[in-house]
There are 2 protein chains.
Amino acid sequence: MDVYISGVGMTKFGRSKDLLERMMTEAATLALKDAQLERVDAIYIGVLNVEEFIGDSNFATLLADTLGLTGVPSTRVETASSTGAGAFQTAFYAVASGHMKHVLVLAGEKMTHLPAAKTTRILSEVIDRSERRYGATMPALAAMIAQKYAREFNLSPLKLEDVLAQVAIKNHSNGSFNPYAQFRKIITKEDYLKSQMISYPLRLYDCAPITDGASAIILTSQPTPIKVSGIGHATDTSAVRHRASFTSFNSTKEAASKAYTMAQLNPSDIQFAEVHDAFTLFEIIGTEDLGFFPRGRGWQALEKGNTQIQGNLPINPSGGLKSRGHPVGASGLAQLVEIVWQLRGEAGETRQLGRAEVGLAQSIGGLGNNNLVTILERSDRKRVMKEGWKPDYHPEIKILKKDTAPPPPEGIGHLETFTTLYATPEGFRSPLTLGFVKTKEAEMLMACNPDYRSPKELKMGKMVYFKTREGLYVFEKFTLWDRLKHWIKGSPKS
Amino acid sequence: MDVYISGVGMTKFGRSKDLLERMMTEAATLALKDAQLERVDAIYIGVLNVEEFIGDSNFATLLADTLGLTGVPSTRVETASSTGAGAFQTAFYAVASGHMKHVLVLAGEKMTHLPAAKTTRILSEVIDRSERRYGATMPALAAMIAQKYAREFNLSPLKLEDVLAQVAIKNHSNGSFNPYAQFRKIITKEDYLKSQMISYPLRLYDCAPITDGASAIILTSQPTPIKVSGIGHATDTSAVRHRASFTSFNSTKEAASKAYTMAQLNPSDIQFAEVHDAFTLFEIIGTEDLGFFPRGRGWQALEKGNTQIQGNLPINPSGGLKSRGHPVGASGLAQLVEIVWQLRGEAGETRQLGRAEVGLAQSIGGLGNNNLVTILERSDRKRVMKEGWKPDYHPEIKILKKDTAPPPPEGIGHLETFTTLYATPEGFRSPLTLGFVKTKEAEMLMACNPDYRSPKELKMGKMVYFKTREGLYVFEKFTLWDRLKHWIKGSPKS
């Protein structure tokens, strides 16, 4: 059964004094009004972590009751930071099954009321335990990915900085036209460079902010002007270091492949997209993973202006997570609200795209391991669907064979990538230098070095010596003395 | 599209030293083996609160990866203590939509590693905030419901005690035959009476235990011997005191109505059931709400032996939550695993029911406000389905009109029901007397009284005086002095 969208709504994103259920009620009320509905057959609630952010459980029930929809089945859905998209997809199946006619998808998060270090700690719980225990945060892992991207595609530190700044500048410019965005101010390269270093090389302006907000969509089996054409979902390894590539997300590629196949559309058919820019580089990686640009070339497309609001493939016309804000549970659904507004021609004079018949949203859960891709389309766009159609999209899915041998207690390896984290989570000293060390056996270890105070002292690809201290790997520069020991004793035990 | 079950599995429930993902892997592996599958199209993970029980988020991804199913879409679903059934229903729609062929539903919880007061506090977060702030726990609210049930249906305290003991004795006896049950020992009335008072009149043996465990089911669109005939889901008010009746759950009745309608079956067609006996009385209320016995007569059916494993309508042949154990996220799915085993004739010599072609499971989320009913049936049971069929089941759904006027700061009311809670959550002194006070305006208030040390001092239905202290309602016996003030001043301000 085909599934359509009959209503959308969202709150202004930003810092709010409202209770979460009040914000979510506001978004739901707007969506219900938009759909001209008073009741629905089911509710799907997307929240990432109300347990720790606001101390509530059984939130789906609370919401149904608060909405005045007491009695209506209500289910909470969670896929980490892609939760809004996860709830949308879950609701999609309920309608597609024919068992439900009208379904409300309602997503939100309340985050700004807690101290930053606590919020950082809560958000870090989406990270694999083995990496989290080193103090790794989302920005820290994203920073390690950024360093690796620069090295892999030959971007100097200055060039990388410039490219990342351009993403931030573009999205802040788009967001300045969006009345629902948290930040509506244009930023300059100078502003970007002045912004605080969060985890080298990522600055505050590279990271989506901490935000309160809610978004809502009504799905229906009755034809409306907006159709859900394609959906796809995939996971990846829990630990980032267990991946064959750090600079491309298998979960985006597999999700996109499913969505393109279902929609019978190619990447070249997509006219605009909302791409999960929780970190500036992720927008660039996203546009490559989705098949819009070749691998390692996303930054060039950005430089040429292709992804600008006036470009031939606008990315994040809403301002993205960067400028609209990132209430973690709500973002995946807010992306879809923006696409509906664009497809309906309701995005407002300054933000409305000229050609808007097919839009795509990509949402990242965790550190790129629970991703969803959704394609929405105008229903009046007639196309003939063909049995067995395959998209012109063949992403490379590389999988690392997991090593089950116990890792060596010490040894020599290469520093695959690293970061110096300044905004540490609760319980960790700042700054904190973290890295992935590749052993001779080609195994990747997470390691830290409490002694390095500045990223300038380290270089990617260099040899390091690693050892175990209090159950954690610690790495050090490989010194002349290590070389001597190495030469005398043979290789260190490993 | 019809949906079938091709595989089931569960761990032994109880106290476990295993990590939660290990237990869930064990259950999933058994279910996959049972279904002769190596891969599935999607995974639905049911966990109530991994955030606070084990400090993890993004658990759906962790599970897919731990299972060796890295890449497979994985979504976490939660509906409070009915989570296992909620995940099952969510997965059902995914298969029924035709978009998925084989889906793994995997539910679990790890709870025994925390101190009891902390576990109690975490579990209490499913309770409405306005009731939770008084220190209300699940047993406390269930105890208030038990008192009300006894009063409504004229059971003396001794009779109530005897009836509740009979549920516990029956379920422990059933559980003694279940190798997967946490408690496999038969208990006597004497054991019951010796067990610790948790919240008057509920004893330890009235409450499902704190348990670790996992259960798994594979759903498929390919015909197998077990078919999912009916599913239903409904919510109720977040706060218990906002209900027109405390001794019957609207959410069970609405969910059952949907499930019977979909399955085209009447309550009299159900041959056995797993009923959510988190508290002994809930089994009795459940059998009434499901239409098995008239309202207020469930305890008589129990006394007559109808619900015994040898009776004409066996309830909880598995031992129920009471004896099998209650790892909150897993229980709703474990009930369905038991039904599959019974329908297949695989429940084992001592537990296997003679006639087992149609079984029903009822799962309660929160304090009766997110409930699900699922009906499973043998596929070889041929029936003709009729368009527009309606079940012979017409439960009374009473809804209280919510009063929006601000409640009075003090006044006179009647003590609708009460309990004395001994096992208080973190941060509350024990014992704690809690009650619902009905004001003259027929509004129901939650109130406490720190002075009453024994439930014997109070009586239901009696007049009480209530006032506000530190933002909470406190109630006291209505004294001669109050009567005098009342007579002199007219009624107290209200």
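This report describes the arrangement of two chains, several aromatic rings and one helix residue in a predicted model.

## Relation between the two chains

A turn of 180°, with a shift of 0.0 Å along the axis, lays chain B on chain A with an RMSD of 0.0 Å. The two copies are therefore related as by a two-fold rotation axis. Within chain B, the C-alpha nearest this axis belongs to B:Ser97, at 1.8 Å from it.

The contact between the chains can be described as well. Of the interface residues of chain B, 100% are also interface residues in chain A, so the copies meet through the same surface.

## Aromatic rings

Over all chains, the structure holds 16 aromatic pairs. One of these is formed by B:Phe92 and B:Tyr93. A pair of aromatic rings is described by the distance of the centres and the angle of the planes. For B:Phe92 and B:Tyr93, the centres are 5.6 Å apart and the angle between the planes is 75°. The pair is edge-to-face, because planes over 60 degrees apart count as such. Both B:Phe92 and B:Tyr93 are buried.

In chain A, ring pairs link A:Phe249, A:Phe279 and A:Phe282 into a cluster.

## A residue in helix α12

B:Gln300 lies in helix α12 of chain B, which covers residues 298-304. Is this residue buried, partly exposed or exposed? B:Gln300 has a relative accessible area of 27%, so it is partly exposed.

B:Gln300 can also be placed relative to B:Val163. In sequence the two residues are 137 residues apart, whereas in space their C-alpha atoms are 8.6 Å apart.

Note on methods. Residues are numbered from 1 along each chain as its sequence is written. Chains are lettered from A and ligands numbered from 1 in the order in which they are written. This is a predicted model: local features need pLDDT of at least 70, side-chain atom pairs count only at pLDDT 80 or more; totals for chains, interfaces and linings use all residues. Side-chain values use heavy atoms; hydrogens and water are left out. Copies are superposed by least squares on the C-alpha atoms of residues with pLDDT of at least 70 in both. Contact means heavy atoms within 4.5 Å. Rings of Phe, Tyr and Trp (its six-membered ring) pair if their centres lie within 6.5 Å; planes under 30 degrees apart count as stacked, over 60 as edge-to-face and the rest as tilted. Buried means under 20% relative accessible area, exposed over 50%, partly exposed in between (1.4 Å probe, protein chains only). Helices (H or I, at least four residues) and strands (E, at least two) are DSSP runs, numbered from the N terminus.
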